[in-house]
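Colleague: I am new to this structure and would love a guided look at one part of it. Could you take me through it slowly?

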Amino acid sequence: MDDLAPADFRELAQALKYCVLLHDARTFEILWANRAACRLLGWTVDELKPLKAPDMSKNARQYSRELGHRWLRQAVEHGVSATEWCYRSKDGEEILTEAIAIRVELSARAVVMVQFRDIAEEKAVQRDLFRTESRLRAFLGGLAEGIVVLDEGHRVLFASESAGRLLGGGLQGADFTAYCCDGAVPEREGRYRFAAPGREPRWYAATCQHIEIESDLHGRMVLFYDISDRVRAEEQHRRDTQHLDHLARYNAMGDMAMAIAHEVSQPLAAAYNFVEGARGRLGQGSGDQSVAWGLDNAVRQIERARRILGSLRGYVGRLEESAQLTDLNTIVRDCAYFIDLRAQEHAVDVAFDLTTESLPVLCENVLIGQVVMNLAFNAVDEMARCPRPERRVEVVTRRAADGGAELAVRDRGPGPPPDESIFDGVFTSKANGSGIGLALSHRIITRHGGHLHVHANEPRGAVFRFTLPTPQPPQEPRRTELP
């Protein structure tokens, strides 16, 4: 390629996107400007030549003539000098630039070539980025949740300040497996125990997702927060529930034992009398017919006692702890015998009005049965203090308005108390009552997802009513037609 002519170099300089000003190296007067500089500043070359620093610089101390000359002088003495300079255009617009002054030895004289470009937008972007970064840092630092990003080998690529507070320092670059107390590094949402080596483990709820931020950061992001207090509360709640279930079973056994002790004593005493009578007749030489009659009646009474004990064994044998799908009507029928025993003792009429439709519930049978008996026993005991013609209790099952199963026990006593203390474990209307029966019943029904409440019966009395949800049938998988 042939050597370029001076005119070619001029065209090259004019084509530059960078703005160029040439200053005399001794006087710092402007000698020439390229097209880009003239366009940015709004001056022609001839208009620029007589201008001084105050004429084309921002009116501020850091852009004074003395500082401008000092900057150019450094370029003359050291060959190059860079600064940020705010020019002022012909229209008065202030333009912040990045400027580089370079000493150039021309054949005619030494000059300082100043190259500059508008950086106002870049500065605005930098300020926005800095402000956003500061806000994000403050936000992440104040989070209760910890954030870590793991690579495929479970190494920590990034850890937030909050993660360091939760798990201790030294997370960056560490093997996160060492912090997982149960051995499983989170790959899906769940509960995990984390702790730094040597520290006490705590429970955390964690969520995971894959992130990829260009080529800077990519891996599995784990967001976790401390739920140790919640886990402890749930564990305490579970222990309390087990304790209440234990008390409910004892309460059920106590009620049944009282009824059976009273009822079994009657047939056994009768059987004893019949047997003694038969023995007396045998001693007096009576005929075989009377002896047979007495022994037959003794056998009937003993068989009655056996049926009572058989019912007890069948009921107690169902003290399982797992919930089963059963019909609420079936539970009421299992309890009816014991309710009738209590009612006969107090000369109370009990009417069972059970719906003919099925009322499926998912429950622990013995606990719901205990609630049924407890509500019925309370009603019977309440009616025992009323005149004989008014002693009537109704046990009714129906489909609830929300589709669940409903049981109501109605009496004709003085009615419910005026406040809600009836279910807090201290209310009782019995002389020797503890008040725990209704509290346990309320707890059992609530645990099964139901509701137990009381309201007035019309024209008098109280209605204790509980509802249990009906389990939803499993949905059949959707069929996909083959093409």
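Which residues does Val-393 touch, not counting residues up to four places away in sequence?

Modeller: Happy to help! Please keep in mind that this is a predicted model. Leaving out residues up to four places away in sequence, Val-393 touches Val-348, Asp-349, Val-350, Ala-351, Ala-379, Val-380, Met-383, Val-409 and Arg-410.

Those contacts make a good doorway into the core around Val-393. The largest nonpolar core has 40 residues, and Val-393 is among those with the most contacts inside it, along with Ile-339, Ile-368, Leu-375, Leu-407 and Phe-466. Two or more residues each come from α10 (328-345), β13 (360-363), α11 (365-383), β14 (392-399), β15, α12 and β17 (462-468). Of these elements, α11 gives the most, with 12 residues. As general background, nonpolar side chains in soluble globular proteins tend to be buried together.

A charged residue is worth a stop here too. Asp-411 sits in the loop that runs between β15 (405-410) and α12 (436-447). Both Val-393 and Asp-411 touch Ala-379 and Met-383. The other contacts of Asp-411, again without residues up to four places away in sequence, are Arg-392, Asn-457, Arg-460, Gly-461 and Ala-462. Asp-411 is buried, yet it has no salt bridge. The nearest side chain of opposite charge belongs to Arg-460 and is 7.4 Å away, whereas a salt bridge would need the charged atoms within 4 Å. What the side chain of Asp-411 does reach is the backbone nitrogen of Ala-462, at 3.0 Å.

Now let us step back to the whole chain. The protein chain holds 12 helices and 17 strands, and 38% of its 483 residues count as buried. Among contacts between residues at least 6 apart in sequence, 54% join residues at least 24 apart. One pair with a long stretch of chain between its members is Val-76 and Ala-25: they are 51 residues apart along the chain, but their C-alpha atoms are separated by 6.5 Å. Val-76 belongs to helix α5 (residues 65-78) and counts as partly exposed, because its relative accessibility is 21%. Beyond its neighbours within four places in sequence, Val-76 is in contact with Ala-25, Phe-28, Arg-103 and Val-112.

Another buried residue to look up is Ser-162, in helix α7 (residues 161-167). Ser-162 has a relative accessibility of 1%, so it counts as buried. A polar atom of the Ser-162 side chain lies 2.5 Å from the backbone oxygen of Glu-145.

Finally, a word on the cysteines. The structure holds 0 disulfides, and two cysteines show how the distances work out. The closest cysteine sulfur to that of Cys-180 is in Cys-181, and at 7.7 Å it is too far for a bond. For Cys-208 the closest cysteine sulfur is that of Cys-180, 9.7 Å away, so this pair is too far apart for a bond as well. In terms of accessibility, Cys-180 is buried, with a relative accessible area of 6%, while Cys-208 counts as partly exposed at 22%.

If you would like to go back to where we began, find Val-393 in the display and trace its contacts, among them Val-409 and Arg-410. From there you can move on to Asp-411, in the loop after β15, and follow its side chain to the backbone nitrogen of Ala-462.

Terms used: Residues are numbered from 1 along each chain as its sequence is written. This is a predicted model: local features need pLDDT of at least 70, side-chain atom pairs count only at pLDDT 80 or more; totals for chains, interfaces and linings use all residues. Side-chain values use heavy atoms; hydrogens and water are left out. Helices (H or I, at least four residues) and strands (E, at least two) are DSSP runs, numbered from the N terminus. Buried means under 20% relative accessible area, exposed over 50%, partly exposed in between (1.4 Å probe, protein chains only). Lys and Arg count as positive and Asp and Glu as negative; His and the chain ends are not counted. A polar contact is a pair of N or O atoms within 3.5 Å; within protein, one must be able to donate a hydrogen and the other to accept it, and residues adjacent in sequence count only if both atoms are side-chain atoms. Contact means heavy atoms within 4.5 Å. A nonpolar core is a set of buried Ala, Val, Leu, Ile, Met, Phe, Trp, Tyr and Cys residues joined through side-chain atoms within 4.5 Å. A disulfide is a pair of cysteine sulfur atoms within 2.5 Å.
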